[in-house]
Amino acid sequence: MGSTSRDIKSETVPMATSFEFDLEGNSSKQLLQTKNLGFHLVESGNGKQSNGYNHAESGTTRMVNLHGKPISSDLSKTGGWFAAAFIFGTEMAERMAYFGLSVNMVAFMFYVMHRPFSSSANAVNIFLGISQTSSVLGGFLADAYLGRYWTIAISTTLYLAGLTGITLCATMHIFVPKQDECDKIALLLGTCEPAKRWQMLYLNTVLYLTGFGAAGIRPCVAAFGADQFDETSRDYQSHLDRFFNLFYLSVTTGAIVAFTAVVYIQMQHGWGSAFGALCIAMGVANTVFYLGTPLYRHRLPGGSPLTRVAQVLVAAFRNRKASLNGSEIVARLYEVPGSSSAIKGSSKIAHTDDFRCLDKAALKLTEHGANPSPWQLCTVTQVEEVKILLRLIPIAASIIVLSAVFTEYLTLSVQQAYTLNTNMGHLKLPVTCMPVFPALSILLVLSLYYLIFVPLARRITGHPHGASQLQRMGIGLAVSIASVTWAGVFERHRRHYAIHHGFEDSYLTAMPDLSAYWLLIQYCLIGIAEVFCLVGLLEFLYEEAPDAMRSMGTAYAAVGGGLGCFGATILNNIVKSITAKGDDEGGRESWLSHNINTGRFDYFYWVLSVLSFINFCVFLYTASRYQYRVKGETEKNGGDK
């Protein structure tokens, strides 16, 4: 097939060399014998036949250096854990900056820029949501044109520029409104001088610059780290499993630093020092990332994945009238001969029977001629790429509710903490530090994961890693239900306690006899849920995504998290509009009243628990029907090494 697109890199091949599939099981006996592997591969040039992939030749994509040349020397001189260590530092700094902004920017907009608290919170939630959902753009650029290394390099530079701009905003008086005669009472009454339009424009510009920087880092850094391990190694699966756990450990470490050290710096030295610390951390991470350049292994970008998806959809539509049924018609699905895929940076993918309407894109028809356009006829591998992306959507979507729950915790549980005693012995913990406890629980679980969970789960499941990725996700979603259910139970007790002891109207006064550390139960449970669900999802997406779309695949997790942020805001607005009544209707307050003691946060938590349970059931159904990507026997066994 001749190529008219940069996505397909193959020589012109006569149509007679395409591969045959009988979609109804009515083909030759030889094809029936290879049906489980999904396609019948004919080696060009020597006439040999092979079921599946020859892993030594094409089961994995060849690794290249920074200049795109194959790494022909000893692979042990590049990649591995030493190279991955440089990548961990980049992710740690990025997460530190991300959470540092999320925990401080609402207060900065309120206290310094003099914006209303509610609009400040909404603005930051929107920023967080956009920075995550736009990760698909970063993944697209990495897979299509730039490669993961250059996407990370450019994105970290943008991130650093944005943080520098935020630091300037916090340190130079010209970028903020006047702070004279603006005490707490004036802030509450809204009489402080508001920020000028150009000042807010500047702040939003540099803030979103960091957001788009994060959008380029997030989908690439995990996949780039996993690229450093040799797929032909017998220990590859074990290395990959440990990598993603350690990767999430670096995420957690960055969050802990943001929730503790950065908050402390802000309280003791001001906003400029806090944002400056984030800027310095990102600068150091950039330097560390560049120092590891000679050690990195790279995968070639495979051209625009969106173009390849569009080609499949257009070709399938053009061939929509072609029949796939009937024993008199043997459907011929096109694939290039030989061991190499037509897509740069990708191995061949076995044919599957789901989404059969898309198979028409690879259906060879007489009107296609000898040299059809990829908009008329696609390879089986290209069609299977689209099928995989579709199959991954419901799995990745299962974290939307989990992300919404975690987003609600960042705001609602802080409001709860304001009414509770945060003393720990002689130490009084700032309320803004409360989100550190989910991160600490994640750190603890990851530390004990291989010592306790894996051996115990291995005895139960027989799985070499304790549980499969989808099983771990299911465990995480189940634990999240327990977390939000406990949150509702404790909030009911806290509210009754406040009303019974005369604190009904004192919603910013800490009740001395009710400890805030009861919140640790819901915090720790949601931390455990994140470990199992998100780590399992990242590993699952990396392994299941097409070779030339792995950045796009891992971006699904970030997109799901971003949709959770948006979903939390939408859910809040819906609940407020439904549960609140005006003065002409009795003046009933919303469940999410500004006064938490007269609101019904417990009802809201139970709504979240119901949504979490429904989401868990949908996930179980989806996971039970998921069809894994078919791999060759050598690839599954770990190669010859």
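**Helix packing in a predicted model**

Helices α12 and α17 lie roughly antiparallel to each other. This is a predicted model. The call on direction rests on the angle: α12 (residues 399–418) and α17 (residues 601–625) pack at about 165 degrees, and angles over 145 count as roughly antiparallel. Their axes are 11 Å apart. The crossing of α12 past α17 is left-handed. On the α12 side, the contact is made by V401, V405, E408, Y409, L412, S413, Q415 and Q416. On the α17 side, F601, F604, Y605, L608, L611, S612 and N615 take part.

Now step to Q522, a residue of helix α15 (residues 519–544). Is Q522 buried or exposed? Its relative accessibility is 0%, so Q522 counts as buried. The cut-off for buried is under 20%. Which residues does Q522 touch, leaving aside its neighbours within four places in sequence? They are Y409, S413, Q416, S483, W486, A487 and Y605. Some of these names have come up already. Y409, S413 and Q416 belong to the α12 side of the α12–α17 contact, and Y605 belongs to the α17 side. Q522 of α15 thus touches residues from both helices of that pair.

Stay with α15 and look at its packing against helix α16 (residues 550–579). The two axes come within 8 Å and cross at roughly 155 degrees. That angle makes α15 roughly antiparallel to α16. Here α15 passes α16 in a right-handed crossing, whereas α12 passes α17 in a left-handed one. From α15, the contact draws on L537, L538, L541, Y542 and E543. From α16, it draws on R550, G553, T554, Y556 and A557.

Helix α7 is next. It runs over residues 197–226, 30 residues in total. How far apart should its ends be? At 1.5 Å a residue, α7 should span 44 Å. The C-alpha atoms at its ends are 44 Å apart, so the expected and computed spans agree. Yet α7 carries a kink of about 35 degrees, centred on C220. Of the 30 residues of α7, 22 are buried, so the helix is largely enclosed by the rest of the structure.

Finally, the whole chain. The protein has 18 helices and six strands. It holds 641 residues, and 58% of them count as buried. Among contacts with a separation of 6 or more, 82% join residues 24 or more positions apart. The contacts of Q522 with Y409 and Y605 show such pairings at the level of single residues.

Technical notes: Residues are numbered from 1 along each chain as its sequence is written. This is a predicted model: local features need pLDDT of at least 70, side-chain atom pairs count only at pLDDT 80 or more; totals for chains, interfaces and linings use all residues. Side-chain values use heavy atoms; hydrogens and water are left out. Helices (H or I, at least four residues) and strands (E, at least two) are DSSP runs, numbered from the N terminus. The expected span of a helix is 1.5 Å times one less than its number of residues. The bend at a residue is the angle between axes fitted to the seven residues ending there and the seven starting there. Buried means under 20% relative accessible area, exposed over 50%, partly exposed in between (1.4 Å probe, protein chains only). Axes are lines fitted to C-alpha atoms, for helices over the stretch in contact, and angles run from 0 to 180 degrees between N-to-C directions. Angles under 35 degrees count as roughly parallel, over 145 as roughly antiparallel, 65 to 115 as roughly perpendicular and the rest as oblique. A crossing is left-handed if the near helix is turned anticlockwise from the far one by less than a right angle, and right-handed if clockwise. Contact means heavy atoms within 4.5 Å.
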